[in-house]
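Subject: Structure handover and findings

Dear colleague,

Please find below the sequence and structure that I am handing over to you. My notes on its domains and helix packing follow.

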Amino acid sequence: MSTKVVVHYFNGRGKMESVRWLLAAAGVEFEEVILTKREQYEKLLNDGAMMFQQVPLIEIDGMYLVQSRAIMNYIAGKYNLYGKDLKERALIDMYTESTIDVMDMIIVQPFSPPENKQKQLSAIEQTAKSRHLPAFEKGLKNSQFLVGNQLSRADVHLLEVTLMLQELFPTILSTFPNIQAFQEKMKALPTISKFLQPGSKRKSPPDEAYVKVVKEVLSHYFK
């Protein structure tokens, strides 16, 4: 097992992108093993690296970690992105779960039948604008951070999800000035700024090639 942090996933966002964001925000350099063939997945299975026979998978601190929430919880705790006490952690978790709700809707959209995509896009936009974004706008009213007085994983996830939403709906933040101001402050943080530059390990929005590879490698899920 490598002494460095190693992430095993496809050359795309999916469930691993939020992990990449957290590592980048913490200033952690990491290596990537890009899954392109079914044989790579089967080798990980045979090696016993995937407890539940699925990715995301990362190598860190002498462990193989799976399950995206468990991975992100570990990274947030290790790199001081999880608040100062249990009360702050509870708030961070609530905000985090909200961002995951929206991101999960976006992540599955490229795998849906073409006839369902417009309906799904409308649902994403409506849900984000009516339920999630107003809560974040309120949370940022008197603070540059969502919880407490320091950066947390909730802030990182919010930047990630709002950028994803803007890729789909460019004007979606027009009525949320606090979130817009928050974005600019977050983008100015050195580790975040570096991750947003071309050539970083940040992934582009999914395309047909990405979908094709995922379906081939995880063919047992798409029968």
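In this predicted model, the C-alpha centres of domain 1 and domain 2 are 22 Å apart. Where the two domains touch, domain 1 contributes 20 residues and domain 2 contributes 16 residues. The domain assignment builds domain 1 from two segments, 5-79 + 196-221, and gives domain 2 as 86-188.

The UniProt record, an unreviewed entry, divides the chain in its own way. It lists "domain: GST N-terminal" for residues 3-83 and "domain: GST C-terminal" for residues 85-207. In the model, the span 3-83 is 36% helix and 22% strand, and its end C-alpha atoms are separated by 27 Å. The span 85-207 is 67% helix and 0% strand, with 41 Å between its end C-alpha atoms.

Two helix pairs deserve your attention, and α6 takes part in both.

The first pair is α4 (residues 86-108) with α6 (residues 153-168). Their axes lie 9 Å apart and form an angle of about 25°. Because angles under 35 degrees count as roughly parallel, α4 is described as roughly parallel to α6. The crossing of α4 over α6 is left-handed. On the α4 side, the contact is made by Ile-92, Asp-93, Tyr-95, Thr-96, Thr-99, Val-102, Met-103 and Ile-106. On the α6 side, the residues are Arg-153, Ala-154, His-157, Leu-158, Glu-160, Val-161, Met-164, Leu-165 and Leu-168. Sorted by class, this contact of α4 with α6 comprises 11 nonpolar, 3 polar and 3 charged residues.

The second pair is α1 (residues 17-25) with α6. Here the axes come within 10 Å and cross at roughly 125°, and the two helices are therefore oblique to each other. In this case α1 passes α6 in a right-handed crossing. From α1, the residues in contact are Glu-17, Ser-18, Trp-21, Leu-22 and Ala-25; they meet Arg-153, Val-156, His-157, Leu-159, Glu-160 and Leu-163 of α6. By class, the contact of α1 with α6 holds 6 nonpolar, 2 polar and 3 charged residues.

A comparison of the two residue lists may be useful to you. Arg-153, His-157 and Glu-160 of α6 appear in the contact with α4 and also in the contact with α1.

Yours sincerely

Conventions. Residues are numbered from 1 along each chain as its sequence is written. This is a predicted model: local features need pLDDT of at least 70, side-chain atom pairs count only at pLDDT 80 or more; totals for chains, interfaces and linings use all residues. Side-chain values use heavy atoms; hydrogens and water are left out. Axes are lines fitted to C-alpha atoms, for helices over the stretch in contact, and angles run from 0 to 180 degrees between N-to-C directions. Helices (H or I, at least four residues) and strands (E, at least two) are DSSP runs, numbered from the N terminus. Angles under 35 degrees count as roughly parallel, over 145 as roughly antiparallel, 65 to 115 as roughly perpendicular and the rest as oblique. A crossing is left-handed if the near helix is turned anticlockwise from the far one by less than a right angle, and right-handed if clockwise. Contact means heavy atoms within 4.5 Å. Ala, Val, Leu, Ile, Met, Phe, Trp, Tyr, Cys and Pro count as nonpolar, Asp, Glu, Lys and Arg as charged, and the others, Gly among them, as polar. UniProt positions are given in the numbering used here, feature names are shortened, and annotations may be inferred rather than shown by experiment. Domain bounds come from an automatic or database domain assignment.
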